[in-house]
Amino acid sequence: MPTLRERFSSRPVSPPVKPPFKRVSFESVLAHMREQGREPDEPFLRRVYEFSTEMHGDQKRQSGEPFMTHPLYVAFFLAGFRADETSIAVGLLHDVLEDTLTTRETLTTEFGEEITNLVDGVTKIGKHEYVRRDEVQSETFRKLILASAKDIRVILVKLADRLHNMMTLEHMQENVKRRISRETLEIYAPIAHRLGMAKVQGDLEDLAFYHLHPLKFAALEAKVREKLKIGRRATEDIRSRLEESLSEAGVDAEISSRVKRYYSIYRKLRRQGIELAQLYDYLAFRIITEEMRDCYAALGVVHQHWRPVPGRFKDYIAMPKPNLYQSLHTTVVVENGQPFEVQIRTVEMDLIAEEGIAAHWRYKEGKPEPRSHEREVAWLRQLLDWQQDVDDPRTFMATLKLDLYPDEVYAFTPKGDVFSFPRGATPLDFAYKIHTELGHQCSGARVNGKLVPLRTQLQNGDIVEIMTNAARHPSRDWLNFVGTSRAKSKIRQWLNTEQKKRSLEIGRRLLERGLRRHKVSSKRFLESKALKKYLVSEGVGHADDLLSRIGFGKITVRQVLDRTLTTEQLAEVESKPSRLRSAVAKILPFGAASVSVRGDSDLLAYLAKCCKPLPGDEIIGYVTRGRGVSVHSVDCRNVRNLLYNPEREIEVEWARSRDEVFPVPLVIETEDQPGMLAKLTEAIAKFDGNIRNFEAGTIETGRGQIAVLVEVKNRRQLERLRQGLRGVPGVLDVRRPMGSDSGALSEFGKDR
């Protein structure tokens with residue numbers, strides 16, 4: 001019997017979404033606008049097109065196509081979004097500042113300030129050699145959100161840009177494909193959701209899924225196709241019965257069916273640990289009515305003819321989602337026990353559900369009507385308010401991703417006020433949503449009249465009452481279970497303030513102790529010219545800032561005194577740092593010799609056990625009290641919590657050592673077939689890997705998961721090993737778990 005890899009690698013699986021035609025033309029964009037009943041300003045748009053064509057010149061895309069194919073497609077998609085002519089012009093120009101020698105001044109002279117600002121809002125921040133990629137990404141998204149909050153058209157252009165890039169991603173290198181696909185899933189698809197653009201969201205998610213997990217995509221596609229083929233007759237029977245029942249009840253409605261998007265099915269199957277046969281809503285029937293009252297009448301008809309599944313009814317008409325989505329959802333069961341979902345909404349609701357903010361876009365003399373879009377973009381402005389003081393790029397990106405996920409839970413105050421939260425929010429999030437001080441002093445909560453732990457996750461319809469204690473203060477542990485960026489931001493802010501106070505006091509005591517050993521007055525030292533000169537040379541604004549750095553452990557007292565005291569004063573005490581360093585190194589975790597603090601040989605650094613970074617990984621140091629500097633991979637999930645105070649970050653670098661080996665956990669997903677362990681151990685040995693631990697288990701029917709702890713010398717050897725393992729017949733995926741203290745063996749059954 002052929003393996004899954006053999007079945008699906010023998011034929012290329014087509015991408016789930018393709019461009020509508022091989023090469024779009026300028027005339028295609030105009031025709032697309034006319035199809036929607038709009039007469040474009042052809043002379044203006046042609047002038048924009050010709051300018052962009054001239055600026056891009058002979059540039060080619062990775063596929064070998066002329067570069068202008070891309071801006072034309074972006075403009076074509078924007079026309080499909082019903083965007084105005086200014087947006088379509090920006091679509092044609094969106095890459096001229098980034099990929100050509102065109103300047104802002106030239107663009108402003110040609111097309112005015114409005115178009116220039118929109119193009120600049122879409123343009124990425126330039127990357128410099130001395131700036132990390134995560135910092136560039138962070139600043140690019142910060143700039144994008146700021147520009148979008150001022151003018152929502154920026155994000156529409158960016159979504160159209162990303163959609164075409166995802167459709168043509170097969171021409172990129174594998175690592176670039178995966179990076180862009182992950183970014184699409186984490187940032188752009190959620191943005192499309194928040195704007196209610198369901199079709200764009202679905203297209204982006206399916207394309208990212210296709211590029212990230214091609215074998216899993218192929219397997220799921222085949223299962224869905226087979227299931228639909230078998231159930232085609234039953235589907236037609238249900239549609240006929242729906243039409244007949246609604247007609248008899250006098251409800252005028254249009255009925256259609258839709259299959260759940262591939263990534264949505266995959267995510268649900270993984271999250272719930274079920275098979276496709278157990279999924280209720282992979283197939284849904286949509287009933288579109290003219291009036292809202294007909295929606296509820298249609299619901300009554302459906303429940304009259306089929307038995308509803310308890311707990312599966314949702315009324316998004318009475319309580320719309322934050323992205324303005326409205327519909328009635330119910331799941332019912334036919335006579336043979338097969339469940340199916342029914343969605344009921346009006347024509348206008350259906351348009352908003354599919355196109356979101358684009359459905360509201362109307363035009364008058366080439367400009368948007370004065371209609372406000374405040375409700376649709378309020379979350380963008382809220383995001384800016386909450387994150388304006390967040391400087392650390394990883395913290396910003398983590399909270400950005402958190403905020404982009406949809407609000408799904410509605411909770412009430414005892415007085416009946418309703419608040420929306422992301423799934424997983426807790427009473428502590430509820431407290432911070434109402435007021436910062438209420439959150440800081442939160443000591444307990446009652447949900448539906450019962451006392452519950454603060455980490456309890458809220459459910460739809462919960463009535464939450466917050467209890468306070470003036471003596472209570474935020475704890476760092478709170479960061480592990482709050483679910484909103486507002487709560488995380490306020491907790492970090494309080495911890496940061498308290499940490500600074502504490503570090504200032506510790507730094508003062510350490511400095512005074514060092515000065516006493518050299519028989520120097522603390523007061524005289526803090527007022528000395530030598531210290532002032534040192535502060536200027538180090539770019540430190542005030543002596544208190546220096547004391548904070550000493551308290552944090554970012555700089556040692558000895559370093560300060562070596563630069564500020566005279567030779568005679570230093571001679572008072574003979575220090576022996578090498579003996580101290582070797583003594584402390586004995587009690588530090590493994591890996592102390594592999595990394596060093598850049599520019600400081602006195603601070604001891606060691607590899608963190610949670611992510612086990614390898615030489616070649618991008619790394620970051622975190623100052624700990626009494627244990628030196630812990631070194632993490634920049635992708636480590638623990639870094640988000642550790643760096644709630646960015647002042648504890650310190651630059652570290654790899655020390656050169658050829659003979660050192662590093663234990664790395666790998667999680668391997670395979671088909672459940674005989675001889676798999678033997679194949680894997682043979683492949684690991686072939687690439688000079690040494691196995692320290694091995695554990696295997698079954699995670700679902702026909703699939704196994706193997707956790708292995710293997711010793712390698714560096715990242716390059718690890719990547720060769722992973723590629724070799726992926727080539728073993730029956731292997732579905734090989735990944736390196738990040739941020740888990742319990743290592744690879746804790747990965748069984750997790751939805752990654």
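**Talking through a predicted model**

Biologist: Let's start with one residue: which residues does Leu-78 touch, not counting those up to four places away in sequence?
Modeller: Happy to look, and please keep in mind that this is a predicted model. Leaving out residues up to four places away in sequence, Leu-78 touches Ala-83, Ser-87, Ile-88, Gly-91, Leu-156, Val-157 and Ala-160.

Biologist: Which residues touch the most other members of the largest nonpolar core?
Modeller: That core has 97 residues. Leu-78, which we have just met, is one of the residues with the most contacts to other members. The full group is Leu-78, Leu-93, Met-197 and Ile-287.

Biologist: And which helix gives the most to this core?
Modeller: The top contributor spans residues 153–167 and supplies nine residues. Its name is helix H10.

Biologist: How many residues are in the other core, the one that lies apart from it?
Modeller: Among its members are Ala-605, Ile-619, Val-629 and Ile-684. The size of this other core is 28 residues.

Biologist: Helix H10 also holds Lys-158 and Asp-161, so how far along the helix are they separated?
Modeller: These two form a salt bridge, with their closest N and O atoms 3.5 Å apart. Both partners are buried. They are three residues apart in helix H10, so their separation is about one helical turn.

Biologist: Is Arg-722 buried or exposed?
Modeller: Arg-722 meets Glu-719 in a salt bridge, at 3.5 Å from N to O. Glu-719 has 27% relative accessibility, so Glu-719 counts as partly exposed. For Arg-722 the relative accessible area is 14%, and the cut-off is under 20%, so Arg-722 is buried.

Biologist: How many residues apart in sequence are the parts that Arg-104 and Asp-120 tie together?
Modeller: The two residues form a salt bridge whose closest N and O atoms are 3.4 Å apart. Arg-104 lies in helix H7 (residues 104–111) and Asp-120 in helix H8 (residues 113–122). The pair therefore ties together parts whose spacing in sequence is 16 residues.

Biologist: How many salt bridges does the structure hold?
Modeller: Some of them join up: Glu-27, Arg-34, Glu-39, Glu-42 and Arg-46 are linked in a network. The total for the structure is 31.

Biologist: Now for the rings: what kind of pair do Phe-209 and Phe-217 make?
Modeller: A pair of aromatic rings is described by the distance of the centres and the angle of the planes. Here the centres are 5.6 Å apart and the planes stand at 70°. Angles over 60 degrees count as edge-to-face, so the pair of Phe-209 and Phe-217 is edge-to-face.

Biologist: Which residues form the aromatic cluster that includes Phe-209?
Modeller: Phe-209 and Phe-217 are both buried. The cluster is made up of Phe-209, Tyr-210, Phe-217, Tyr-262, Tyr-263 and Tyr-266.

Biologist: What is the distance from the charged end of Lys-321 to the centre of the Tyr-325 ring?
Modeller: The charged end of Lys-321 sits over the ring of Tyr-316, 4.8 Å from its centre. It also sits over the ring of Tyr-325, and there the distance to the centre is 5.2 Å.

Biologist: To finish, what percentage of the protein's residues is buried?
Modeller: The protein contains 31 helices and 23 strands. Out of its 752 residues, the buried share is 51%.

Conventions:
Residues are numbered from 1 along each chain as its sequence is written. This is a predicted model: local features need pLDDT of at least 70, side-chain atom pairs count only at pLDDT 80 or more; totals for chains, interfaces and linings use all residues. Side-chain values use heavy atoms; hydrogens and water are left out. A nonpolar core is a set of buried Ala, Val, Leu, Ile, Met, Phe, Trp, Tyr and Cys residues joined through side-chain atoms within 4.5 Å. Buried means under 20% relative accessible area, exposed over 50%, partly exposed in between (1.4 Å probe, protein chains only). Helices (H or I, at least four residues) and strands (E, at least two) are DSSP runs, numbered from the N terminus. Contact means heavy atoms within 4.5 Å. Rings of Phe, Tyr and Trp (its six-membered ring) pair if their centres lie within 6.5 Å; planes under 30 degrees apart count as stacked, over 60 as edge-to-face and the rest as tilted. A charge sits over a ring if NZ of Lys or CZ of Arg is within 6 Å of the ring centre and within 35 degrees of the ring normal. A salt bridge is a side-chain nitrogen of Lys or Arg within 4 Å of a carboxyl oxygen of Asp or Glu.
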